[in-house]
Amino acid sequence: MTSHQLKNPYGAFGKVTTELRPVIRVIEEKCVNCHRCIMACPVKMCNNGSGEAVTFNSKLCIGCGECIYVCGHGARVGIDDFDQFINDLKQGVPIIAVVAPAIAASFGGEYLKFNGYLKKIGIKAVFDASFGAELTVKS
Ligand code: SF4
Ligand code: SF4
């Protein structure tokens with residue numbers, strides 16, 4: 001994995017990776033090579049349908065999850081890295097959380113406490129996903 005040592009005025013995060021981490025995987029034994037996932041994928045070139053089973057390049061995948069939704073054979077699944085997240089937290093690995101507005105629905109009247117909870121369990125910084133969306137709309 002390539003990483004760059006970024007100059008950080010806060011000095012808190014050190015090494016920052018600029019590569020997309022894999023969030024989807026293909027279970028080759030279940031894939032029937034129907035290419036529905038490729039038709040649905042907004043980043044066509046991250047898929048390779050030339051073999052026995054579809055493969056894809058995780059460095060180009062934007063993690064939208066559309067391929068999981070359309071695959072009727074259970075051959076596309078999300079990578080669950082929750083255990084890794086917990087282990088990293090325990091070991092003090094700096095982690096930044098990007099919180100979606102959907103937490104207001106998931107946590108009801110308690111959602112205003114959510115950022116404080118994340119900081120309490122060791123998350124170094126919290127960003128609002130809707131702020132990123134706003135920047136995208138304005139750019
Ligand atoms: S939709 Fe599923 S079964 Fe069809 S090619 Fe894609 S991964 Fe394979
Ligand atoms: S998660 Fe989205 S971008 Fe990635 S392979 Fe699936 S459909 Fe394509």
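This tour moves through a predicted model, from the whole chain to its two ligands and then to single residues.

**The whole chain**

Begin with the entire chain in a cartoon view, where six helices and eight strands can be picked out. Followed from the N terminus, these elements come in the order β-β-β-α-β-β-α-β-α-β-α-α-β-α. Of the 139 residues in the chain, 8% count as buried. Among contacts with a separation of 6 or more, 54% join residues that are 24 or more positions apart.

**The nonpolar core**

Next, select Ile24, Cys31, Cys37, Cys41, Val54, Phe56, Cys67, Cys71 and Ala75, the nine residues that form the largest nonpolar core. In soluble globular proteins, nonpolar side chains tend to be buried together. Keep this selection coloured, since several of its names return at the ligands.

**Ligand 1**

Move to ligand 1 and display the 13 residues that surround it, of which Cys31, Cys34, Cys37, Cys71 and Ala75 are the closest. By class, this shell holds eight nonpolar, three polar and two charged residues. Of the closest residues, Cys31, Cys37, Cys71 and Ala75 also belong to the largest nonpolar core.

**Ligand 2**

Now centre on ligand 2, which has 14 residues around it, with Cys41, Cys61, Cys64, Glu66 and Cys67 coming nearest. The shell of ligand 2 is made up of eleven nonpolar residues, two polar ones and one charged one. Cys41 and Cys67 are also members of the largest nonpolar core. With Cys41 selected, and its neighbours within four places in sequence set aside, look for its contacts with Cys46, Asn47, Glu66 and Cys67.

**Helix 1 and the loop before it**

From Cys67, turn to Met39, which is found in helix 1, residues 36-40. A distance drawn from C-alpha to C-alpha between Met39 and Cys67 should read 8.7 Å, although 28 residues separate the two in sequence. Is Met39 buried, exposed or partly exposed? Met39 is partly exposed, because 13 other C-beta atoms lie within 10 Å, whereas a buried residue would need 20 or more.

Step back into the loop between strand 3 and helix 1, and select Asn33, which is found there. The phi of Asn33 is near 60°, a positive value in a residue other than glycine. Asn33 is partly exposed, with 14 other C-beta atoms within 10 Å. His35 has its place in the loop between strand 3 and helix 1 as well, and His35 also takes a positive phi, of about 70°, without being a glycine. The count of other C-beta atoms within 10 Å is 13 for His35, so this residue is partly exposed.

**Pro22 and its partners**

Select Pro22 next, in the loop that links strand 2 (15-17) to strand 3 (24-26). Which residues does Pro22 touch, not counting those up to four places away in sequence? They are Ser58 and Ile79. Pro22 and Ser58 lie 36 residues apart in sequence, yet 5.1 Å apart in space from C-alpha to C-alpha. Pro22 is itself partly exposed, because 15 other C-beta atoms are found within 10 Å.

**Helix 3 and what follows**

Finish at helix 3, residues 82-90, which is hardly covered, with a count of zero buried residues among its nine. Just after helix 3, select Gly92 and read its backbone angles, where phi is positive, at about 80°.

Key:
Residues numbered from 1 in each chain as written. Chains lettered and ligands numbered in written order. Near = placed C-beta within 6 Å. Nonpolar A, V, L, I, M, F, W, Y, C, P; charged D, E, K, R; others polar. Helix = DSSP H or I, 4+ residues; strand = E, 2+ residues; numbered from the N terminus. Buried ≥ 20, exposed ≤ 12 C-beta atoms within 10 Å, placed from the backbone. Contact = placed C-beta atoms within 7 Å. Core = buried A, V, L, I, M, F, W, Y, C linked by C-beta atoms within 7 Å.
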